[in-house]
Amino acid sequence: MSKTLFEKIIAREIPAAIVYEDDSVLAFRDINPQAPTHVLIVPKKAIPRISEAKTADQQLLGHLLLKAAEVADKLGLTPSGYRLVINNGADGGETVEHLHIHILGGRHMAWPPG
Ligand code: AMP
């Protein structure tokens, strides 16, 4: 199977502005930011979307979420707040078939989302 865009970023085949990396996750700036700070954090394991995650992924998913909060904090977003978003499938607005959490901050987020 061919690599997804984010697998190519993880493999350093496509450049990205990386803000955090460890053995199991990578965080990098979104190429088309929707807020003053817009970072994506992805598992290195190729899970296509949250609806396809398995019980065996539980530890990785917990790590991903905790690191999302840690990255947001490192980027200075904790005092004013931020939003974490996972788009799942067509109606969710998913465009890249590799699980990712959007970290959005630096402006007030409207609710409900569009
Ligand atoms: P989603 O619509 O939830 O699947 O999010 C995919 C995100 O990937 C979008 O916000 C895109 O702007 C972002 N994106 C697409 N290509 C790149 C890239 N080469 N580097 C960083 N972010 C990207």
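**Salt bridges, ligand site and backbone details**

Eight salt bridges turn up in the structure, which is a predicted model. As a general point, side chains carrying opposite charges can pair up when their charged atoms come close. One of the salt bridges joins glutamate 21 to lysine 44, and the closest N and O atoms of this pair sit 2.7 Å apart. The two partners come from distant parts of the chain, 23 residues apart. Glutamate 21 belongs to strand β1 (residues 18-21), while lysine 44 is found in the loop that runs between β3 (37-43) and α2 (58-74).

Next comes the ligand. The space it takes up is the largest pocket, and 16 residues are found around it. Coming nearest among these are Asp30, Asn87, Thr95, His100 and His102. Sorted by class, the shell is a mix: seven residues are nonpolar, six are polar and three are charged. As for where the shell residues come from, α1 (5-10) and β2 (25-29) each chip in with at least two. The top contributor is α1, with three residues.

Several polar atoms of the protein can be picked out next to the ligand. On the side-chain front, an N or O atom of aspartate 30 lies 2.5 Å from a ligand oxygen; aspartate 30 is also one of the residues that come nearest to the ligand. The backbone joins in too: a polar backbone atom of glycine 93 is 2.9 Å from an oxygen of the ligand, and a polar backbone atom of isoleucine 31 is 3.2 Å from a ligand nitrogen. How much of the ligand does the protein bury? On its own, the ligand would expose 510 Å², and 84% of that is buried by the protein.

Two spots in the backbone are worth a look as well. The peptide bond leading from tryptophan 111 into proline 112 is cis, its omega being near 0°. Proline 112 falls in the segment that follows β5 (101-105). The other spot is arginine 12, where phi is near 65°, a positive value in a residue that is not glycine. Arginine 12 is part of the loop connecting α1 and β1. These two elements have already come up: α1 for its three residues in the ligand shell, and β1 as the strand that holds glutamate 21.

Note on methods
Residues are numbered from 1 along each chain as its sequence is written. This is a predicted model: local features need pLDDT of at least 70, side-chain atom pairs count only at pLDDT 80 or more; totals for chains, interfaces and linings use all residues. Side-chain values use heavy atoms; hydrogens and water are left out. A residue is near a molecule or strand if one of its heavy atoms lies within 4 Å of it. A polar contact is a pair of N or O atoms within 3.5 Å; within protein, one must be able to donate a hydrogen and the other to accept it, and residues adjacent in sequence count only if both atoms are side-chain atoms. Accessible areas come from the Shrake-Rupley method with a 1.4 Å probe; for residues, only the protein chains shown count as cover. On a 1 Å grid over the protein atoms alone, a cavity is a set of points where a 1.4 Å probe fits but cannot get out, and a pocket is an open set with protein on both sides within 12 Å along at least five of seven lines; lining residues have an atom within 4 Å of a point. A molecule sits in a cavity or pocket if more than half of its atoms lie within 2 Å of its grid points. Helices (H or I, at least four residues) and strands (E, at least two) are DSSP runs, numbered from the N terminus. Ala, Val, Leu, Ile, Met, Phe, Trp, Tyr, Cys and Pro count as nonpolar, Asp, Glu, Lys and Arg as charged, and the others, Gly among them, as polar. A salt bridge is a side-chain nitrogen of Lys or Arg within 4 Å of a carboxyl oxygen of Asp or Glu.
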